Amino acid sequence: MNKIPVPTQSPTTRRSFMQKTSLAALAFATPSFQHFAREMRMGVVVYSYASRWNSKAGSQKYPGFVDALDLLTHCHQVGAGGVQVGVNNWSADFAKKVRDKREQLGLYLEGSIGSPKDSEDVARFENEVVQAKEAGVSVVRTVLTSGRRYEVYHSAPEFQEARKKALNMLRLAEPVLKKHKMKLAVENHKDWKAAELVENIKTIDSEWIGVTLDFGNNIALLEDPMYVVETLAPYIFTTHVKDMAVDEFEDGILLSEVPLGEGILDLTRMVSVCKQHNPKVTFNLEMITRDPLQIPCLKEDYWSTFGDGSGRALAANLRMVRQRKFKPALPTVSQLSAEDKLAVEEKNVVSSFEYSTSRLGLK
């Protein structure tokens, strides 16, 4: 993929500081650190099982996962090293059950959590952090906006207001994270451009707040994936590993997660860059089995939050899509029966794990 020109970033001492403090604090925060420091097996993000999670399909071969205990058990069976799953509404008793299961299976555990929206929400956030830590969670992943940037926000001032709210959420979360020695990792969730997310992290300037680096999301914002990895890697606590395939439609580009090794991302290089900045970083598969996402970058409203929209970025991405179009066509699943969709989902996950072991050295 041709790299999209971006502003040069000035050197910062934050990079070396984050590398040192993240590992030390992580070792202190979780009793399983030594285990997954040795093991480099890839973990699983719960969204890789979006269809099977709380499924009501009644499948005998692919029974639904009721909770984190089911997810841990199954992911261990397919060879995962750990799991990233939501920790909302966990009781102390359930957190202990998760801890026992995690320790029994020898897996690492990461949480997904909603950051406090206001001062009244801090108590809820702290309780979830406490239960996550009781279960042995090392890092909690979060998002700070209400959806995909180009779908939710329709003007630059509107997005700037969302940024103010996001920074306030992090300021409310930080004392809780420091108190309980828990890492909070903000994802680039088709909302923040890479440099914007770095600016947010640097504005808060806390050893407890870093990044969940998603390998493919920022294609939706017309950013070169390798640039995104190189920009965010100095701040990573955890990752969402995926491969992406592309095509075009009348209003822009189509974007799909595909099994690792079948898409356009340079996964070997991406994993290497992440390890350089954080040798103990966890790699979590997020292979979402779904129809292609539509990125309407040829419509005027898409550009409404970006200020000075870059024609060069648009041209580079359209050229990339036309050169690397997925053939014969991007996969779709909406036409499948529930059972067949569950089967494809499982196949995609297992295939990705085989690739991660044989080609990425995550074993």
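## Notebook: a look through the predicted model

I started with the weak part: over residues 1–39 pLDDT stays under 50, and for that stretch the model has 78 contacts beyond four places in sequence. This is a predicted model, and where pLDDT is low, the predicted coordinates should not be read in detail. I left those contacts alone. For the protein overall I noted a mean pLDDT of 90, with 89% of residues at 70 or more.

**Overall make-up.** I counted 12 helices and 11 strands. The protein has 363 residues, and 55% of them count as buried. I also looked up how far apart in sequence the contacts reach: taking contacts with a separation of 6 or more, 82% are between residues 24 or more positions apart.

**Core.** Which residues have the most contacts inside the largest nonpolar core? I got Trp90, Val98, Leu213, Phe215 and Phe283, in a core of 100 residues. Helix α7 gives the most to this core, with 9 residues. Apart from it I found another core, of 6 residues, including Ala245, Phe249, Val258 and Phe326. As a reminder to myself, nonpolar side chains tend to be buried together in soluble globular proteins.

I then picked Leu213 and listed its contacts, leaving aside neighbours within four places in sequence. The list runs Asn188, Val228, Val229, Leu232, Ala233, Ile236, Thr238, Thr239, His240 and Cys274.

**Second largest pocket.** I read off about 380 Å³ of space for this one. It has 18 lining residues, and those nearest its centre are Val143, Leu144, Thr145, Ser146 and Met169. Where does the lining come from? Strand β4 (137–142) and helix α7 (156–180) each supply at least two residues, and α7 gives the most, with 5. So α7 turns up twice in my notes, as the top contributor to the largest nonpolar core and to the lining of this pocket. By type, I sorted the lining into 7 nonpolar, 6 polar and 5 charged residues.

**Backbone oddities.** Which peptide bond did I note as cis? The one from Lys327 to Pro328, with omega near 5 degrees. Pro328 sits in the loop between α11 (311–323) and α12 (338–358).

I also noted two positive phi values in residues other than glycine. Asn89 has phi near 65 degrees and lies in the loop between β2 (82–86) and α4 (92–105). Is Asn89 buried or exposed? I have it as exposed, because its relative accessible area is 70%, where the cut-off for exposed is over 50%. Asp205 has a phi of about 55 degrees, and I placed it in the loop between α8 (194–204) and β6 (209–214).

**Glu134.** Last, I checked a residue within a helix: Glu134 is in α5 (residues 122–135). I logged Glu134 as partly exposed, because its relative accessible area is 27%, and partly exposed runs between the 20% and 50% cut-offs. What does Glu134 contact beyond its neighbours within four places in sequence? I found Ala95, Lys96 and Arg99. I took the C-alpha separation for the Lys96 pair: 6.5 Å, with the two residues 38 apart along the chain.

How values were computed: Residues are numbered from 1 along each chain as its sequence is written. This is a predicted model: local features need pLDDT of at least 70, side-chain atom pairs count only at pLDDT 80 or more; totals for chains, interfaces and linings use all residues. Side-chain values use heavy atoms; hydrogens and water are left out. On a 1 Å grid over the protein atoms alone, a cavity is a set of points where a 1.4 Å probe fits but cannot get out, and a pocket is an open set with protein on both sides within 12 Å along at least five of seven lines; lining residues have an atom within 4 Å of a point. Grid points are joined across faces, edges and corners, and a volume is the space filled by probe spheres set on the points. Helices (H or I, at least four residues) and strands (E, at least two) are DSSP runs, numbered from the N terminus. Ala, Val, Leu, Ile, Met, Phe, Trp, Tyr, Cys and Pro count as nonpolar, Asp, Glu, Lys and Arg as charged, and the others, Gly among them, as polar. A nonpolar core is a set of buried Ala, Val, Leu, Ile, Met, Phe, Trp, Tyr and Cys residues joined through side-chain atoms within 4.5 Å. Buried means under 20% relative accessible area, exposed over 50%, partly exposed in between (1.4 Å probe, protein chains only). Contact means heavy atoms within 4.5 Å. pLDDT is the predictor's confidence in each residue, from 0 to 100.
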